[in-house]
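Dear colleague,

I am passing on the structure we spoke about, and below it you will find notes on what turned up when I went through it. Please read them with the coordinates open beside you.

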Amino acid sequence: SLEDWNVEFNRMGPAAFLAECQHQLSGVSDRVYPDFAPERHQYIAARLPAFRAVIGGLDFGGEGRTASETAGLVAGVDVNDRIVLLAEFKDNGVNVDQRLMEWMRVQENRWRGPGTIVWAADGTEGLKAMKRSGYNVRASRLGGGIPLRELRVRQVGHRLALDGSGIPGIRYLPTLRKFEGEALRYHREKPQFEGDPRQRKIVQANDHTMSCLEYLVDLLDGPQTNVVTDQRSRTVHLEM
């Protein structure tokens with residue numbers, strides 16, 4: 001309803017609302033992922049490909065209504081090592097961690113039950129809580145710190161590029177509108193002066209699903225790591 005959209009507009013602010021919900025990007029420059037485009041990265045097909053594993057990324061926020069949002073992404077890994085983003089979560093407020101875990105359980109049950117998804121996150125108290133609740137959550141090796149984030153961004157950027165067959169290494173279902181909006185407006189700070197050669201910091205406001213994407217890609221592309229599926233137990237684990 002119009003009332004619902006007004007609530008979203010006031011919560012997100014004009015610039016974020018226009019970018020994420022209306023895809024008006026005139027005010028967004030220096031995008032972190034300039035290769036990202038819905039017409040190139042949306043996965044539109046009659047059926048999903050066969051997946052050898054299912055992985056997820058988590059970004060923990062806060063419980064206050066003005067707190068940073070909590071987010072989650074789930075992706076299938078096909079036999080060619082490409083990923084398709086399948087589901088998203090983005091929320092804040094009271095008991096948001098509980099709602100996140102309920103969403104995680106729904107996603108795991110879709111893929112044959114608990115333990116079928118390996119989740120990656122930064123090493124916060126939220127990750128410890130997920131482990132205590134029985135989820136297979138791993139700390140991202142490239143979590144935290146600006147230099148390490150740049151490495152995560154580089155990994156994602158490599159996958160967003162087209163390979164020799166003209167297919168990107170990351171695609172997503174069209175229903176993931178929050179992810180799509182963030183990917184389009186994920187950008188860097190403006191240069192301090194014209195011709196400034198320094199690498200500008202990434203603007204961290206409203207970047208929650210982007211962090212999730214970076215964490216789950218790091219599961220696949222991080223050093224000496226492989227995500228595999230045990231066909232006997234139907235659980236997904238990491239081989240080091």
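Leaving aside its neighbours within four places in sequence, Asn92 is in contact with Gly62, Gly64, Arg65, Ala67, Ser68, Glu69 and Arg99. Please keep in mind that this is a predicted model. Asn92 itself is found in the loop that lies between strand E3 (83–91) and helix H4 (96–110), and because its relative accessibility is 13%, which falls under the 20% cut-off, Asn92 counts as buried.

The strand that precedes this loop belongs to an open sheet of six strands, whose order is E5-E4-E1-E2-E3-E6 and whose pairing is mixed. At the edges of the sheet are strand E5 (137–139) and strand E6 (170–172), each of which pairs on one side only, and from one strand to the next the twist averages 30 degrees.

Within the sheet, strand E1 (residues 51–59) and strand E2 (residues 70–78) pair in the antiparallel sense over eight bridges; if you would like a place to start looking at this pair, Gly56 stands opposite Val74 in E2.

As for the helices, H4, which comes after the loop that holds Asn92, lies across E1, E2, E3 and strand E4 (117–121), and runs at about 155 degrees to E3. Helix H7 (residues 177–185), for its part, lies across E2, E3 and E6, and its direction is at about 95 degrees to E3.

With best wishes

Methods:
Residues numbered from 1 in each chain as written. Predicted model: local features only at pLDDT ≥ 70, side-chain atom pairs only at ≥ 80, totals over all residues. Heavy atoms only, no water. Helix = DSSP H or I, 4+ residues; strand = E, 2+ residues; numbered from the N terminus. Buried < 20%, exposed > 50% of the residue type's maximum accessible area, 1.4 Å probe, protein only. Contact = heavy atoms within 4.5 Å. Pairing = 2+ DSSP bridges. Axes fitted to C-alpha atoms, helices over the stretch in contact; angles between N-to-C directions.
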